[in-house]
Amino acid sequence: MEKSKIWKDKSVEGVELLSAQYTKFEFAKHWHDELAIGVIEEGAEGILYGGQKLIVPKHHVVAINPSEVHTGFSGVPSGWRY
């Protein structure tokens with residue numbers, strides 16, 4: 001199942017929020033202009049970052065510095081939710 005929702009909360013100015021669940025979806029190489037922080041709620045996310053393939057499991061935090069090129073993909077067959 002692939003689904004995502006992006007929104008802004010007026011009580012947290014300047015912050016964009018994303019809730020997503022991915023099984024087969026993959027992010028191509030990209031970067032963000034701001035710090036990106038994610039909490040893996042289920043499964044595991046795979047990331048190519050800094051020349052390394054990383055697997056970030058459930059209950060761990062992903063933090064990507066601004067302008068750092070990275071990808072995102074399922075780290076386990078069931079995908080990931082954050």
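**Figure 1. Lys58 and its salt bridge to Glu42.** Lys58 is partly exposed, because its relative accessible area is 35%. This is a predicted model. The side chain of Lys58 meets that of Glu42 in a salt bridge, with 3.5 Å from N to O. The pair links distant parts of the chain, 16 residues apart. Glu42 belongs to strand β5, and Lys58 to the loop between β6 (52-57) and β7. Glu42 also has a relative accessible area of 35%, so Glu42 is partly exposed.

**Figure 2. The salt bridge of Arg81 and Glu41.** The count of salt bridges comes to two. In one of them, the side chains of Arg81 and Glu41 meet at 3.1 Å, N to O. Arg81 lies in strand β9 (residues 80-81) and Glu41 in the loop between β4 and β5, so this contact ties together parts 40 residues apart in sequence. Arg81 has 30% relative accessibility and therefore counts as partly exposed. For Glu41 the relative accessible area is 36%, so Glu41 is partly exposed.

**Figure 3. A nonpolar patch on the surface.** Four side chains are shown: Leu35, Ile37, Val39 and Val61. They make a nonpolar surface patch of about 390 Å². Val39 sits in strand β4 (residues 36-39). Its relative accessibility is 44%, so Val39 counts as partly exposed. That value is over the 30% which a patch residue needs.

**Figure 4. The largest pocket and its lining.** The largest pocket holds about 780 Å³ of space. Its lining is made by 25 residues. Glu16, Leu18, His32, Ala36 and Ile37 lie nearest the centre of the pocket. By class, the lining divides into 14 nonpolar, seven polar and four charged residues. Several strands contribute. β1 (3-8), β2 (16-22), β3 (27-30) and β4 each supply at least two lining residues. So much is also true of β5 (42-49), β7 (61-64) and β8 (70-74). Ile37 appears in the previous view too, as one of the residues of the nonpolar patch.

**Figure 5. Ser4 and Leu18.** Ser4 lies in strand β1. Ser4 and Leu18 are 14 residues apart in sequence. In space, their C-alpha atoms are 7.0 Å apart. Leu18 is among the residues nearest the centre of the largest pocket. Ser4 counts as partly exposed, because its relative accessibility is 48%.

**Figure 6. Positive phi at His59 and Ser67.** Most residues other than glycine have a negative phi. His59 is not a glycine, yet has a positive phi of about 70°. The place of His59 is the loop between β6 and β7. With 63% relative accessibility, His59 counts as exposed, because the cut-off for exposed is over 50%. Ser67 also has a positive phi, near 70°. The loop between β7 and β8 holds Ser67. Its relative accessibility is 52%, so Ser67 counts as exposed.

**Figure 7. Val69 and Val56.** The loop between β7 and β8 contains Val69. Val69 has a relative accessible area of 43%, so Val69 is partly exposed. Val69 and Val56 are 13 residues apart along the chain. A separation of 17 Å lies between their C-alpha atoms.

**Figure 8. Asp9 and Gly51.** Asp9 is found in the loop between β1 and β2. At 35% relative accessibility, this residue counts as partly exposed. Along the chain, Asp9 and Gly51 are 42 residues apart. Their C-alpha atoms are separated by 34 Å.

**Figure 9. Pro77 and Ser11.** Pro77 is in the loop between β8 and β9. Its relative accessible area is 81%, so Pro77 is exposed. The sequence places Pro77 and Ser11 66 residues apart. In space the two are 36 Å apart, C-alpha to C-alpha.

Definitions and conventions
Residues are numbered from 1 along each chain as its sequence is written. This is a predicted model: local features need pLDDT of at least 70, side-chain atom pairs count only at pLDDT 80 or more; totals for chains, interfaces and linings use all residues. Side-chain values use heavy atoms; hydrogens and water are left out. Patches are made of residues with over 30% relative accessible area and no salt bridge: like charges are joined within 9 Å, nonpolar side chains (Val, Leu, Ile, Met, Phe, Trp, Tyr) within 5 Å. Accessible areas come from the Shrake-Rupley method with a 1.4 Å probe; for residues, only the protein chains shown count as cover. Helices (H or I, at least four residues) and strands (E, at least two) are DSSP runs, numbered from the N terminus. Buried means under 20% relative accessible area, exposed over 50%, partly exposed in between (1.4 Å probe, protein chains only). On a 1 Å grid over the protein atoms alone, a cavity is a set of points where a 1.4 Å probe fits but cannot get out, and a pocket is an open set with protein on both sides within 12 Å along at least five of seven lines; lining residues have an atom within 4 Å of a point. Grid points are joined across faces, edges and corners, and a volume is the space filled by probe spheres set on the points. Ala, Val, Leu, Ile, Met, Phe, Trp, Tyr, Cys and Pro count as nonpolar, Asp, Glu, Lys and Arg as charged, and the others, Gly among them, as polar.
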